[in-house]
Amino acid sequence: MKVSAINTLTIEADAITSLIDRLDQSFNDAVSFIFQSKGRLIITGMGKSGVIGMKLTATFSSTGTPSFFLHPAEAIHGDLGMLQPDDVVLALSYSGETDELLKIVPFLKDYSSGLVAMTGNANSTLARAANLHIDVKVAKEACPNNLAPTASTTATLAMGDALAIAVMELRNFKPEQFARYHPGGSLGRKLLTKVADIMHSKNLPIVSADTPIKEVVQAMSNGRMGLVIVRQNGSSPTGIITDGDLRRAMENKEDRFFRLKAENIMTSNAKTIKPDIKLSEAEQMMNELKISALIVQDNNEIHGVVQIFDIQ
């Protein structure tokens, strides 16, 4: 079983790396063609190529290139109406002889601004009919009978991803733009949500510098955030005490622990952040400082606390 898996992965890895030598001018022209298009990218393919095409449609759409999948069999029954003159079509067929696809090639060329073919046969009917051809030929399939599309679909997917990322880089597509297309994902949340939207702002555990340690422990327990904010003379925080600070104080100052005050164990100059800062910046700041919480402050007033666990 393991030997079979290793063989499959090796063949498919070789199929991908072999594509590097075939990144020729046609690939560059296809990137420019898609980038310069004023329309959308329409991707089409049958069977396994169609499945790959649907995935690539999602990849292009999420990286700044509006894209739709056109099923060849449905196209001749009305779906060709989705094509517009400025659209570019990317047709996927490893053999380049898929019957359902070849039937609509003349219409694809007439209804759109151009046709890019991705096949494993540069002399195929589809390759010769296209404006541009991208070669994804593989030495063999991972299937022991050399029949089931395996290495060929992997190569098509990888080349499609390469095409999408090259266009994405030409667009100078930024993480913030990516996040707008993925508002429900972790990245989207971090890049679009502000600290004020998730911070803890009610019943904040705040003590003064001269608060006895027993009251500090009680405030931390009631606050349920594993910390207390130390404030002295006004609204600005003077320091912060975490549950780790308390444990270390108990271990190192056991004989006089209950005679301590907040100022004796607090970390001075507590790190703060403004409420309108994005979560991604808050996370980066905490990771760089190797801390797990920031006090949210604006105009010398404490608004809340944001913790790393709130973001991740």
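Start by selecting Phe27, Ala30, Val31, Ile34 and Phe35 in helix α2, then add Met159, Ala162, Leu163, Ala166, Val167 and Leu170 in helix α7: these are the residues through which the two helices meet. Keep in mind as you look around that this is a predicted model.

**Stop 1: two helices crossing**

Now show the whole of both helices, residues 25-36 for α2 and residues 151-170 for α7. Their axes lie 9 Å apart, and the helices pack at an angle of about 55 degrees. Angles between 35 and 65 degrees fall among those called oblique, so α2 and α7 are oblique to each other. Turn the view until one helix is in front of the other, and you can follow a right-handed crossing of α2 and α7.

**Stop 2: a glycine inside α7**

Stay with helix α7 and select Gly160, which lies in it. Is Gly160 buried or exposed? With a relative accessible area of 0%, Gly160 is buried. To see what touches this glycine, select Leu56, Phe60 and Met118; these are its contacts once neighbours within four places in sequence are left aside. Then add Ile52 and look at the C-alpha atoms: those of Gly160 and Ile52 are separated by 8.6 Å, although the two residues are 108 residues apart along the chain.

**Stop 3: a threonine in β1**

Next, go to strand β1, residues 41-45, and pick out Thr44. Its relative accessible area is 0%, and because buried means under 20%, Thr44 counts as buried. Which residues touch Thr44, not counting those up to four places away in sequence? Among them are Phe69, Leu70, His71 and Pro72. Select Val89, Leu90, Ala91 and Leu92 as well, since they too touch Thr44. Leu101, Ile104 and Leu108 complete the list of contacts.

**Stop 4: a sheet of four strands**

Move on to the open sheet with the order β6-β7-β8-β9, which has 4 strands and mixed pairing. At its edges stand β6 and β9, each with a single partner strand, so one side of each has no neighbour in the sheet.

Walk across the sheet one pair at a time. Select β6, residues 206-207, together with β7: they pair in the parallel sense over 2 bridges. The chain travels from β6 through helix α11, residues 213-223, to β7, making a right-handed β-α-β crossover. Ile206 has Ile229 of β7 as its bridge partner, and Val207 stands opposite Val230 in β7. Helix α11 packs on the sheet, where it touches β6, β7 and β8, and its direction makes about 125 degrees with that of β7. Helix α12 also packs on the sheet, touching β8 and β9, with its direction at about 70 degrees to that of β8.

Pause on β7 itself, residues 227-231. How many of its 5 residues are buried? The count is 4, so the strand is mostly covered.

Now add β8, residues 237-242, which pairs with β7 in the antiparallel sense over 5 bridges. Look for Leu227 and its bridge partner Thr242 in β8, then for Val228 and its partner Ile241. From β8, step over to β9: these strands run antiparallel and are joined by 2 bridges. Here Ile240 stands opposite Thr267 in β9.

**Stop 5: the covered side of α12**

Return to helix α12, residues 243-252, and select Gly244, Asp245, Leu246 and Ala249, its buried residues. What covers them? The cover includes α11, β8, α13 (262-265) and β9 (267-268).

**Stop 6: a sheet of three strands**

Finish with an open sheet of 3 strands in the order β10-β11-β12, again with mixed pairing. β10 (272-273) and β12 (301-307) are the edge strands, and each pairs on one side only. Select β10 and β11, residues 293-298, to find a parallel pair with 2 bridges. Thr272 stands opposite Ile295 in β11. Last of all, show helix α14, residues 279-289, which lies across β10, β11 and β12 and runs at about 130 degrees to β11.

Notes: Residues numbered from 1 in each chain as written. Predicted model: local features only at pLDDT ≥ 70, side-chain atom pairs only at ≥ 80, totals over all residues. Heavy atoms only, no water. Buried < 20%, exposed > 50% of the residue type's maximum accessible area, 1.4 Å probe, protein only. Pairing = 2+ DSSP bridges. Right-handed = clockwise from strand over helix to strand, strands pointing away. Contact = heavy atoms within 4.5 Å. Axes fitted to C-alpha atoms, helices over the stretch in contact; angles between N-to-C directions. Parallel < 35°, antiparallel > 145°, perpendicular 65-115°, else oblique. Left-handed = near helix turned anticlockwise from the far one by under 90°.
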